[in-house]
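Here is a short tour of the model, written to be read with the viewer open. Rotate it as you go and follow the elements one at a time.

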Amino acid sequence: MVSIIVSSSALPTRSLNSFPTHSERSNKLTSLSWTSSFPSINISINSFTLPPAPSLNKGPFVQAAWTRRSRGEAAKQPNRKSWKQRTDMYMRPFLLNVFFSKKFIHAKVMHRGTSKVISVATTNAKDLRNNLASLTDHNACRIIGKLIAERSKEADVYAMSYEPRKGERIEGKLGIVLDTIKENGIIFV
């Protein structure tokens, strides 16, 4: 049990509605130190009792000690993206997406931050569908690459990036599309 004794010598005794008199104002301390502005309070402790100690025998079970997570576990934040994941969108804002189906070839350039499509080219378009002999051969890949490069330049995009999917190799038709885009003045970053 702790008892506190407060001396009221420094506490004001006047009523709330009255203003301080001239004698009360002159009794103020004239010291400029910050400690003199606080009232003096005397505190004394009469007795202090400790709580009872917990019993260690709680039956036939053995209690495991509490352990905190290791530094490696505590440092892992599963929802936190890496620096590259957070900044890649601004460092390489334009992304090329190429899709090959059994019948057509589709390619588009998107802005990562706004998801706005900058340029699109597909062999399924009316002007290409009627003029090309095959909509999926190497010649169609060259035409799609050339169209993407021209339409991207019209939109003032001269640099873009391509991220291959997992296990995807840049060869064959995809390599032809990318090489044609490079030959027509687009830089890959």
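The buried residues of α6 pack against three elements: β1, α5 and β5 (187–188). In this predicted model, the buried set of α6 is made up of Leu174, Gly175, Ile176, Val177, Leu178, Thr180 and Ile181. The geometry of the helix is as expected, because 12 residues at 1.5 Å each should span 16 Å, and the end C-alpha atoms of α6 are indeed 16 Å apart. Just after α6 comes Gly185, with a positive phi of about 95°.

It helps to place α6 in the overall layout. The protein has six helices and five strands, and along the sequence they follow the pattern α-α-α-β-β-β-α-α-β-α-β. Of the 189 residues in the protein, 21% are buried. The accessible surface comes to about 15,400 Å², and carbon and sulfur atoms hold 57% of that area. Among contacts with a separation of 6 or more, 60% are between residues 24 or more positions apart.

**Helix α5 and its neighbours**

Now turn to α5, residues 138–154. Its 17 residues should span 24 Å at 1.5 Å a residue, and the end C-alpha atoms lie 25 Å apart, which agrees. The buried residues here are Ala140, Cys141, Ile144, Gly145, Leu147, Ile148, Ala149 and Ser152. An α-helix has 3.6 residues a turn, so residues three or four places apart point the same way. What do the buried residues of α5 pack against? Their partners are the strands β1 (94–100), β2 (105–111), β3 (117–122) and β4 (159–160), together with the helices α4 (126–131) and α6 (172–183). Just after α5, Asp156 takes a positive phi of about 60°.

Ser152 is a good residue to click on in α5. Ser152 counts as buried because its relative accessible area is 0%, which is under the 20% cut-off. Leaving aside residues up to four places away in sequence, Ser152 touches Val109, Ser119, Val157, Met160 and Ile186.

**The β2–β3 hairpin and Thr123**

Two of the strands that α5 packs against, β2 and β3, run antiparallel and are joined by five bridges. One pairing to look for is Ala107 with Ala121 in β3. The two strands form a hairpin with five residues between them, and Ser115 in the turn has a positive phi of about 60°.

Follow the chain onward from β3 to reach Thr123, which sits in the loop between β3 and α4. Is Thr123 buried or exposed? Thr123 is buried, because its relative accessibility is 0%. Outside the residues up to four places away in sequence, its contacts are Phe104, Ile105, Leu128, Arg129, Leu132, Leu135, Ala140 and Ile144. The Thr123 side chain also has polar partners in the backbone: one of its polar atoms lies 2.9 Å from the backbone nitrogen of Ile105, and one lies 3.2 Å from the backbone oxygen of Leu135. Thr123 and Ala140 are 17 residues apart along the chain, yet their C-alpha atoms are separated by 7.1 Å. Ala140 belongs to the buried residues of α5.

**Salt bridges**

The count of salt bridges comes to six. Three of them are listed here, with the distance between the closest N and O atoms.

| Basic residue | Acidic residue | N to O distance |
|---|---|---|
| Arg92 | Asp88 | 3.0 Å |
| Arg165 | Glu168 | 3.8 Å |
| Arg169 | Glu171 | 4.0 Å |

How are the residues in these pairs placed with respect to the surface? Arg92 and Asp88 are both buried. Arg165 counts as partly exposed because its relative accessibility is 47%, and Glu168 is partly exposed at 27%. In the remaining pair, Arg169 is exposed, with a relative accessible area of 62%, while Glu171 is partly exposed at 48%.

The Arg92–Asp88 pair is also part of a wider arrangement, since a network of salt bridges links Asp88, Arg92, Arg112 and Glu163.

Terms used: Residues numbered from 1 in each chain as written. Predicted model: local features only at pLDDT ≥ 70, side-chain atom pairs only at ≥ 80, totals over all residues. Heavy atoms only, no water. Helix = DSSP H or I, 4+ residues; strand = E, 2+ residues; numbered from the N terminus. Buried < 20%, exposed > 50% of the residue type's maximum accessible area, 1.4 Å probe, protein only. Contact = heavy atoms within 4.5 Å. Areas by Shrake-Rupley, 256 points an atom, 1.4 Å probe, with all protein chains shown as cover. Expected span 1.5 Å × (residues − 1). Salt bridge = Lys/Arg side-chain N within 4 Å of Asp/Glu carboxyl O. Polar contact = N/O pair within 3.5 Å; in protein donor to acceptor, adjacent residues only side chain to side chain. Pairing = 2+ DSSP bridges.
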